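This report describes selected packing and backbone features of a single model. It is intended to be read alongside the sequence and the coordinates.

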Amino acid sequence: MSHHDIGERLKRARKHSGLTQHGLAEASGVSVSLIRKLEQGERTDTRLETARRLASALHIPTTRLISGEAEDAEPAQGAEADTWARVRDALTGQGVGDATEAPTLDGVRVGLDNAISAYADGNLDMLSHILPPLLRDAHDLAAVHPHGRSMRAEIMQITGRLMVQTRNYSLAEQAFTAVERDAPTAVHVAALANHRVWLLLRRGRLAEAAALSIQWADDLEPRLSQATAGELSAWGWMLLRVAATASRDNRPDEADMALRLATAAAATMGRTPTSAAVRRAGFIRRFSRLTVAMQQAEQAMVEERPAAVLSIAKMIDAKRLSPSTGNRNRHLLDVAHAQVLTRRHADAFDTLLTLEREAPQWLPHQRYARDVLGLIIDRRRTLTSDMHRLAHVFRLPL
């Protein structure tokens with residue numbers, strides 16, 4: 001991502017801390033060459049992970065180094081973006097042809113449930129075919145049916161989620177803006193806020209994501225003794241966003257506090273199932289203690305504590321969980337990363353192969369997976385045929 005003035009901010013913070021460039025490199029694990037190029041303005045971009053490592057060594061929040069004006073972090077381009085061209089056209093009510101008959105509320109609801117199932121299963125190919133006509137029907141229904149606008153909001157929620165997942169960030173923003181106009185209930189609005197924070201994180205806009213997540217966590221906090229499962233789920237998911245932004249902003253104490261509150265929300269929910277209405281509103285997955293544990297593992301990985309990641313992962317035992325769980329798949333990438341950092345390269349590659357086998361359409365969209373594979377390849381003298389194949393999937397130069 002590109003941030004204005006990162007070099008000047010870095011130089012000021014380094015000098016204030018009394019570190020030389022070599023001292024900062026040693027403390028952060030970031031090369032002297034990159035630090036020098038950033039400070040001299042030869043490089044104006046760096047990954048959020050690198051900025052966090054520098055901030056951690058300087059004992060400052062990451063957002064002290066980066067501005068809120070980052071460019072999108074590796075948006076989909078070329079064939080990746082073209083896959084969703086019909087969805088792009090349908091978001092504006094264009095390019096999907098005329099319906100042969102008027103849509104019905106029940107028919108659109110069935111289509112939405114099918115889309116949710118396909119999303120949960122990681123079946124992106126199916127979604128590329130389901131969503132264009134479903135969006136067209138939702139637009140048509142909103143014009144004539146009293147409940148059409150709320151149904152369109154639910155469809156826009158999952159469309160936006162999918163566009164974030166596939167790095168079509170501008171389309172995600174377009175879908176979420178439509179939800180703002182049509183959201184029928186507080187649950188829908190809370191789901192929208194959750195998705196917007198995720199979008200900001202994926203785009204590398206850490207300061208905005210942190211401010212929005214904290215605001216909404218405060219607004220959503222319920223009285224635990226009286227809260228419904230939907231209210232607890234909304235609050236719990238937002239607390240996980242608070243934790244995710246805080247850990248990346250080098251504020252581990254705030255991340256820990258958010259996770260403790262999320263644990264309380266999950267414990268209060270117990271085994272109460274999330275209703276179909278909440279699923280359609282945009283949360284899709286059930287919030288639980290297991291969800292919180294996966295966020296704890298993610299925080300440990302962000303803070304580069306791979307042994308802690310593997311300890312938490314042993315308790316979760318994610319490979320026994322359904323591969324349709326998106327959080328489970330993301331957690332396994334943390335496991336693979338931790339395995340690399342603890343020199344268990346064969347185990348790390350086996351974890352990637354598990355994800356390729358069980359989530360083949362989801363995996364190629366994960367930049368994180370490509371980075372982990374790159375670390376494995378860098379540490380190998382010879383590459384197997386499977387490594388060559390995965391490198392091709394990720395367009396990773398060898």
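The sections below cover the nonpolar core, a helix crossing, an aromatic pair, one tyrosine and two backbone exceptions.

The structure is a predicted model, and local features are taken only where pLDDT is at least 70.

**Nonpolar core**

The largest nonpolar core holds 52 residues, and the members that touch the most others are Leu10, Leu54, Leu65 and Phe287. Helix 13 supplies the largest share, 12 residues. The helices that each contribute at least two residues include helix 1 (6-17), helix 2 (21-28), helix 4 (48-58), helix 11 (186-202) and helix 14 (252-269). Beyond its neighbours within four places in sequence, Leu10 is in contact with Leu24, Ile35, Leu38, Glu39, Leu54, Leu58 and Leu65.

**Crossing of helix 2 and helix 4**

Two of the contacts of Leu10, Leu24 and Leu54, also take part in a contact between helices. The axes of helix 2 and helix 4 come within 9 Å and cross at roughly 110°. An angle of 65 to 115 degrees counts as roughly perpendicular, and the two helices are therefore assigned to that class. Helix 2 contributes Leu24, Ala27 and Ser28 to the contact, while helix 4 contributes Arg53, Leu54, Ala57 and Leu58.

**The aromatic pair**

The count of aromatic pairs comes to 1. The partners are Trp237 and Phe287, whose ring centres lie 5.8 Å apart with 65° between the planes, an edge-to-face arrangement. Trp237 belongs to helix 13 (residues 229-248), whereas Phe287 sits in the loop between helix 15 (276-283) and helix 16 (289-302), so the pair ties together parts that are 50 residues apart in sequence. Trp237 is buried, with a relative accessible area of 5%. Phe287 is buried as well, at 0%, and is one of the residues named above for touching the most other core members.

**Surroundings of Tyr368**

Tyr368 is located in helix 20 (residues 367-378). Is this residue buried or exposed? Its relative accessibility is 17%, and because buried means under 20%, Tyr368 counts as buried. Not counting residues up to four places away in sequence, Tyr368 touches Met301, Arg330, Leu333, Asp334 and His337. Two of these contacts have a polar component between side chains: the one with Asp334 spans 2.7 Å, and the one with His337 spans 3.1 Å. Pro323 is 45 residues from Tyr368 along the chain, and the C-alpha atoms of the two are separated by 18 Å.

**Positive phi outside glycine**

Most residues other than glycine have a negative phi. Asp317 has a positive phi, near 55°, and Arg395 has a positive phi of about 55°. The table sets out their locations and accessibility.

| Residue | Phi | Location | Relative accessibility |
|---|---|---|---|
| Asp317 | near 55° | loop between helix 17 (306-316) and helix 18 (326-341) | 38%, partly exposed |
| Arg395 | about 55° | segment after helix 21 (385-393) | 59%, exposed |

Asp317 thus lies in a loop between two helices, whereas Arg395 follows helix 21. Asp317 counts as partly exposed, and Arg395 counts as exposed.

Methods. Residues are numbered from 1 along each chain as its sequence is written. This is a predicted model: local features need pLDDT of at least 70, side-chain atom pairs count only at pLDDT 80 or more; totals for chains, interfaces and linings use all residues. Side-chain values use heavy atoms; hydrogens and water are left out. Rings of Phe, Tyr and Trp (its six-membered ring) pair if their centres lie within 6.5 Å; planes under 30 degrees apart count as stacked, over 60 as edge-to-face and the rest as tilted. Helices (H or I, at least four residues) and strands (E, at least two) are DSSP runs, numbered from the N terminus. Buried means under 20% relative accessible area, exposed over 50%, partly exposed in between (1.4 Å probe, protein chains only). Contact means heavy atoms within 4.5 Å. A polar contact is a pair of N or O atoms within 3.5 Å; within protein, one must be able to donate a hydrogen and the other to accept it, and residues adjacent in sequence count only if both atoms are side-chain atoms. A nonpolar core is a set of buried Ala, Val, Leu, Ile, Met, Phe, Trp, Tyr and Cys residues joined through side-chain atoms within 4.5 Å. Axes are lines fitted to C-alpha atoms, for helices over the stretch in contact, and angles run from 0 to 180 degrees between N-to-C directions. Angles under 35 degrees count as roughly parallel, over 145 as roughly antiparallel, 65 to 115 as roughly perpendicular and the rest as oblique.
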